[in-house]
Amino acid sequence: MQSLKYWLAEHPSIVNFRWSHTQSFGSTWSFLFAAIAVYIVAVITLHSFLSLILSKSRRIPLGPIPAIHSLCVSLISAVIFVGILYSAAAEIRDTRWFWRRTKTISTPFQWFLCFPLGTRPSGRVFFWSYVFYLSRFLHLFRTFFTILRHRKLTFFHLFNQSILLWMSFLWLEFSQSFQVLAILLATLLYSVVYGYRFWTAIGLPSACFPFVVNCQVVLLACNLISHFGVIFLHFLKGGCNGMGAWGFNSVLNGVILILFLNFYVKMHLRKKNVEDIDGNSNSSSSASSSSSSSAHGCSRSDIKFE
C-alpha cells in the first residue's frame, strides 16, 4: 500500500506538477480549439463518406478493437480514481493550515466542493486532473467505432464528447472548484461502464435493463446535487476559486442534461411501444419471442447509450 501511495500520490513528478502552457502537452487554447474542430470534421466526414458508399445496414467489422478500447478506458479510469483519491487525502493533510487562514472551508468535504480563493493549478490533484483531461481524447475514439459499426451519429453524442473535453480543460485553466469530486464520480462511472462494455464485447451476457443509461442518470443526479453545494459554499463562505469557469460549465452541463433527458424519454417511449406491440402479438409469436429473448440474455431491453 505504501508503494502504491508513493507512485500515485507522492512521486516527485506528481507532487511538483504545474499546469503550464509551455510545458504541459495540450495546454493551450489553440490546441483545444484545433482538437475539437478536427474531431468534429473527421467524424462528420467519415459518417458522410460511409453513407455514400455503403448501405446503412452494412457494418464494418472491427474485431477486438472496441473491446480493447473499453478495457483500456476502464483500467485508466480506475487508476485515475485511485490516484486522485490518494492525492486528495494527501492535499487535505498538507493544506489544512491554509484553510484556517482563508476561512473559506473548514472540512474535507467542503474542500471537495470549494477550493479556497487563490488556488493555483499545481500539485497532486491537478496532476490527475491533467491525466483525466488527456484521457478524454481516448474517449473520442468511441464515436468512430459507433459510426463504423452502426452508421449512427447523433448531435447529442458529438456535443457531449466535445463539451466534456472543453470542461476538463477549463478545470485546469482556472483551478475550478468541484473538479476533484467531479473526476472521482466520472472515473468511477467510466471504470464500471467501460468494464461492462468490455464484458459484453467479449460475448458475456448483458444486463436485462439499460445499464449504461442508468449509470449516466446516477452521474448526472450526483453532479446536479453537488452544484447546489458549490453555490451554497460560495455565498456562505465568501467565495470559491474558479467560479467563472464553474458558471460556464454549469450552463454546458444544463444543456447536456436537457439533451440527455430528451434521449431518456424517447428511449422509454420506444421501449413502451415495443412492449405494446409484443402485448398485441398472438400467443405463438409471443412464445417464439420469449424463447429468443431468453437465449440472447435479455438483449432487447439492453438499449445502448453510445
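Biologist: Why is D94 called partly exposed in this predicted model?

Modeller: D94 has a relative accessibility of 32%, and since buried means under 20% and exposed means over 50%, with partly exposed in between, D94 counts as partly exposed.

Biologist: What makes the contact between R93 and D94 a salt bridge?

Modeller: The side chains of R93 and D94 meet at 2.9 Å, N to O, and because a salt bridge needs a side-chain nitrogen of Lys or Arg within 4 Å of a carboxyl oxygen of Asp or Glu, the pair meets that rule. Salt bridges that share partners join E10, E91, R93, D94 and R124 into one network.

Biologist: Why is R93 called exposed?

Modeller: The relative accessibility of R93 is 52%, and because exposed means over 50%, R93 counts as exposed.

Biologist: How do you know that R93 and E10 form a salt bridge, and which parts of the chain does the pair tie together?

Modeller: The side chains of R93 and E10 meet at 3.4 Å, N to O, which is within the 4 Å that the definition sets. R93 lies in helix α4 and E10 in helix α1, residues 2–10, so the pair ties together parts that are 83 residues apart in sequence.

Biologist: What makes R124 and E10 a salt bridge, and is R124 buried or exposed?

Modeller: The distance between the side chains of R124 and E10 is 3.1 Å, N to O, again within the cut-off of 4 Å. The pair links distant parts of the chain, with R124 in helix α6 and E10 in helix α1, 114 residues apart. R124 has a relative accessibility of 6%, and because buried means under 20%, R124 counts as buried, whereas E10, with a relative accessible area of 29%, is partly exposed.

Biologist: How do you know that I231 can belong to a surface patch?

Modeller: I231 is partly exposed, with a relative accessible area of 33%, and because patches are made of residues with over 30% and no salt bridge, I231 passes the area cut-off. I231 is found in helix α10, residues 211–236, and together with L224, F228 and F235 forms a nonpolar patch with about 450 Å² of accessible area.

Biologist: What makes up the lining of the second largest cavity, by class?

Modeller: The lining of this cavity, which has a volume of about 40 Å³, holds 6 nonpolar, 4 polar and no charged residues; among them are V73, F132 and Y190.

Notes: Residues are numbered from 1 along each chain as its sequence is written. This is a predicted model: local features need pLDDT of at least 70, side-chain atom pairs count only at pLDDT 80 or more; totals for chains, interfaces and linings use all residues. Side-chain values use heavy atoms; hydrogens and water are left out. Patches are made of residues with over 30% relative accessible area and no salt bridge: like charges are joined within 9 Å, nonpolar side chains (Val, Leu, Ile, Met, Phe, Trp, Tyr) within 5 Å. Accessible areas come from the Shrake-Rupley method with a 1.4 Å probe; for residues, only the protein chains shown count as cover. Helices (H or I, at least four residues) and strands (E, at least two) are DSSP runs, numbered from the N terminus. Buried means under 20% relative accessible area, exposed over 50%, partly exposed in between (1.4 Å probe, protein chains only). On a 1 Å grid over the protein atoms alone, a cavity is a set of points where a 1.4 Å probe fits but cannot get out, and a pocket is an open set with protein on both sides within 12 Å along at least five of seven lines; lining residues have an atom within 4 Å of a point. Grid points are joined across faces, edges and corners, and a volume is the space filled by probe spheres set on the points. Ala, Val, Leu, Ile, Met, Phe, Trp, Tyr, Cys and Pro count as nonpolar, Asp, Glu, Lys and Arg as charged, and the others, Gly among them, as polar.
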